[in-house]
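Work through the exercises below with the sequence and the 3D structure in view. Try each task before reading its solution.

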Amino acid sequence: MLTCLNGWSLEVFEEFIDILKTKQDEPFELMMDNFLSTLAVINNYNLQYGISDKSGNRVESIFKLKNTKDWPLKMHQFAISVSFDRDEHEKNLKDLLDEMKSCNNIKDSKELNDSIESLEEKYHKIISTYSCDSQFYSIGKPINHWDENDIKKWATYYKENSKKASEKSIYEVICVVKRAIFLHNTKQQFEPRAIQILSLLLMLHASNANISRLAQIKTGEGKSVIIAMFAAIKALNGHKVDIVTTSPLLAKRDAENKEKFYTMLDLSVGENSGTSTVKSCYKNDIVYGNVNEFQFDILKDEYSLLGTRCQRKFDIAIVDEVDSMLIDDNSKICRLSSKIPAIDELKVILTVVWQELNRTHDRLARIDGKLYCVIAPFRMDENGEIILLKPATADDDGNITDTSAVTDDNNIDENDFIEVEDPYEFIENHIKNYVENKLLTPNDKNECLLNIPKHLTGFVKQQLTKWILNAWQAKFAYRENIDYLITDGKEGIKSIVPIDYRNTGIIQTNTSWPDGLHQFLQIKHKLRISAESLTTNFLSNVAFFSRYGKNLFGLTGTLGSKEAKDLIHYIYNVDFVIIPPYKYTQFVAYPDKLSQSEQEWLNECTRSIYNEAKINQRAVLVICETKSDASKIQEKLIEKDIQLKKTIKLYTRSDNEEQNAIDNELDCGQIIVATNLAGRGTDLGTTHKVEENGGLHVLVTFLPLNTRVEHQAFGRTSRQGKHGTAQLIALTPIDSKIKYDNIEQLKQDRDEREKLYIARAKHTELKNIERRDRLFGKFCTLRQKLRQQENDTYKLDSVEELWGLWLKITFAKDDSMNDTTDDLNDELLDKKFEEFSSKILADYSSNAIFQNPFYLILKGNEYIFQKKNYDDAIDFLRDAIKSDPIFAVSARYNLAYALIKKSSDKKTEAKSELEEALKTIDNILIPQQETMLISFRITQSHTSGTQDMMGATSNTDTKSDAEDQIMNRINLLCLCKNQIEQGKSAIEDAED
């Protein structure tokens, strides 16, 4: 490994081996292990042969120590002494400016070049102005001696007279803000550092030049202070500033922390979390908020017309962790989903799809290298051979008497074996045929085996292909504790919660997967099944940030690859500036490693963590790809040394006590095993002793999605000039068709995939996002026109549902197949929308707009119980029943009530409606629920004895949440039936 590299010749190693042979302090195997561990330290720190520390000790002298067990630690201490400075030096102004020029591509950007070239002069003007009184509004003493009252007086005057300010006034404004920062933190007063003032000047220059700018500022350099100063200066000049964060917790924290600072400057600040219809925070000068809150509030304000934003304009946006929102989530869309009346009736068909998928898959068996679907009953013997079974026979009492195997080959029917080429394609075709042609096709009596609301028939047929795919994904691809968690929600009800494990590791509590995927995972684990929702109003990240035009600014620790920056520039027309750290970086990256098996990977990770934490007495942060991997590494460490149990903390969830793992300073020997939750935005402090031992060591146990996420993870250490090291130990992809011999090949492949992803985002996803945004704008105009024509809540809700269904069907191919072809051009989409709009306008004046009869039922109920208008109520309810006789039980009941209230002569008709309602409940609705209940009680995979891959094991002794939910529905139908029977009896009594 080190031979002939960095001066370590073969002869040197032969000398060390000879030294090793003379040692007898431990068995030779242990001595050899110590020797190899010492070489690993040399390799990690890339130590040159012959290098000396400050005392003149040469690196090779370590091998002459008496005890070999001391070699690894002593070599580590030597490596620290020659790799890191003991003092944390800050860079001077000249060094900062020189580095800024060298790390930015100023040749291709005149504006950026001009910005950086003018920094030194501007900085000196600020320093000189700081020691003088204000020329704009004199206080009578230098700005650097002002107190809070002085600053508030000046700020109040400046706000009222900012239009009179000259170009030179900006230096004064910066000085006042600089002084406010100093006074703001009473416990630990500090002046903004030179690099923070330089960063502020760069953002202000861009703003004055009408340029959007994103700055890369290393984590720990004080981004929140730069953001606060920039926001304050813009707000003092009359602008409304929105500070966009990645999480509502961060927004609330920063708004509260900086409130005193803004108040000192006579500025108001708030944060936009909460569920209020009208949010008064938007009246403030500065608003902090999570990006989703801003988007939801826009939709509530502009679509629902709730006045949520208090007429706030889109003036200036400052985005914290800008890469997360503009790169990772560039295609993200914030949706206000609508629960469609009666869509929960589709739970039965989702259950059927899931059970049929399992039943059919269980019949697949490989015989002589070929895959077959075995129609006849069978079981697998201990050798994996298929044993066909005779059809079961029973005695007169119904007891099974014979399930013996078929022994005669002549009794085997070839029709019992269907050869299968592609298992998914075979199952997909089978389920589609089963659902469309058997369950949903009426018989001679116009009856279906499975009944769904008529207005959703087209939706079901459109969605069926997606549902089958997502059922397959839920069964085979999505993994508990990796892709999702099962958490205890309100009232102890368990729920599926997605994990964004590839990027942030965040537990996405308020997120549901679309197109049945979430429901299939609920069915898989026998949890309560939620109804599918329909996206009707939405706002993409692209549309949101584009509202700010050239007043979009952002800061982040890592902007990423050239391709990633090109994508941001293409979408938002921004430029970029890299800000150097204010201290010299003291960081060493150990060589990357690639393991070929999980066991090798676990051993490598465990050895690395143990050596750094236990032997070298450092603090270690382990970043894992999944919660499952984190648990494996934790268990392996404890298995190696039970004492480590006391020093290991897990940080894999952001929704429970695990988030406290990062609250305190890390001491020697402490280990945090985390997911990507700790990969960004995590500020880990270390004790002085840890710094002496080399600082925080970060071990990344997987290959991150891109170089940006990788750098973010490594950026958890060596912050603000502290010592630190990091290493990547990855496992070669188990299911990959490509064999990777080294980590460089894997990284190259990763980087190529990112380029393809970005290219697709630029040329396909972005186009579709823009199209949807444009169509939504057209729909908002249509809806406003309809509202002016007739402000009928039920009609408008029906139109919203029809829009959601139209949108789903129109973009069906793009959503389900990830097709890169451009079948939907703008002209075709506009034509389709015009057709949709014309039909809506034509139907809106009549009940024809109600394709979903449940809106007619709701409207009928209002006319009965609130308006007492029984004639119109009867018309509405009759139209609803005519539209869908099966799912109109409540319509029949209320129609009977309305008929009797209108006239006592209507008893016979009313009684007839109640009898029809009872028939529907007894013959259709309850049996369908019972079918669902039975399907959950059948043990999965009973046919072949195989277990559901990656599925939850079922416990037949206790009722599942899903069974409870179905039983509640059956009980509700029974209560409804009882109420109808009482109504019928009352009519009969009245007739007598």
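Four exercises with worked solutions follow.

This is a predicted model, in which local features need pLDDT of at least 70 and side-chain atom pairs count only at pLDDT 80 or more, while totals for chains, interfaces and linings use all residues. Residues are numbered from 1 along each chain as its sequence is written, and side-chain values use heavy atoms, with hydrogens and water left out.

**Exercise 1. A small sheet**

Task: Find the order of the strands in the open sheet of 3 strands, and state how they pair.

Step 1. Strands are DSSP runs (E, at least two residues) and helices are DSSP runs too (H or I, at least four residues), numbered from the N terminus. Two strands pair if DSSP finds at least two bridges between them.

Step 2. The order is S14-S15-S16, and the pairing is antiparallel. The edge strands, each pairing on one side only, are S14 (484-488) and S16 (506-507).

Step 3. S14 and S15 (residues 494-500) pair over 5 bridges. Tyr 484 stands opposite Pro 498, and Ile 486 has Ile 496 as its bridge partner. The hairpin of these two strands has 5 residues between them, and Glu 491 there takes a positive phi near 60 degrees.

Step 4. S15 and S16 pair over 2 bridges. Here Asp 500 stands opposite Ile 506.

**Exercise 2. The helix across the sheet**

Task: Describe how helix H18 lies relative to S14 and S15, and what covers its buried residues.

Step 1. H18 (residues 517-524) lies across S14 and S15 and runs at about 125 degrees to S15. Axes are lines fitted to C-alpha atoms, for helices over the stretch in contact, and angles run from 0 to 180 degrees between N-to-C directions.

Step 2. Buried means under 20% relative accessible area, exposed over 50%, and partly exposed in between (1.4 Å probe, protein chains only). In H18, 8 of 8 residues are buried, among them His 518, Gln 522 and Lys 524. In S15, 5 of 7 residues are buried.

Step 3. The cover over H18 includes helix H15 (347-361), helix H17 (457-476), S14, S15 and helix H32 (907-937).

Step 4. After H18 comes Lys 526, with a positive phi near 55 degrees.

**Exercise 3. The nonpolar cores**

Task: In the largest nonpolar core, which residues touch the most other members?

Step 1. A nonpolar core is a set of buried Ala, Val, Leu, Ile, Met, Phe, Trp, Tyr and Cys residues joined through side-chain atoms within 4.5 Å. In soluble globular proteins, nonpolar side chains tend to be buried together.

Step 2. The largest core has 88 residues, and Phe 544, Phe 779, Trp 803 and Phe 836 touch the most other members. Helix H25 (residues 743-789) gives the largest share of this core, 9 residues.

Step 3. Apart from this core lies another, of 70 residues, including Ile 116 and Leu 201.

Step 4. Contact means heavy atoms within 4.5 Å. Leaving out residues up to four places away in sequence, Trp 803 touches Thr 536, Phe 538, Leu 775, Phe 776, Phe 779, Phe 833 and Phe 836.

**Exercise 4. A loop residue**

Task: Is Ser 273 buried, exposed or partly exposed?

Step 1. Ser 273 is found in the loop between strand S3 (269-271) and strand S4 (286-290).

Step 2. Ser 273 counts as partly exposed because its relative accessibility is 32%.

Step 3. Ser 273 touches Lys 279 and Glu 293, not counting residues up to four places away in sequence. Ser 273 and Gly 289 are 16 residues apart in sequence, and their C-alpha atoms are 6.8 Å apart in space.
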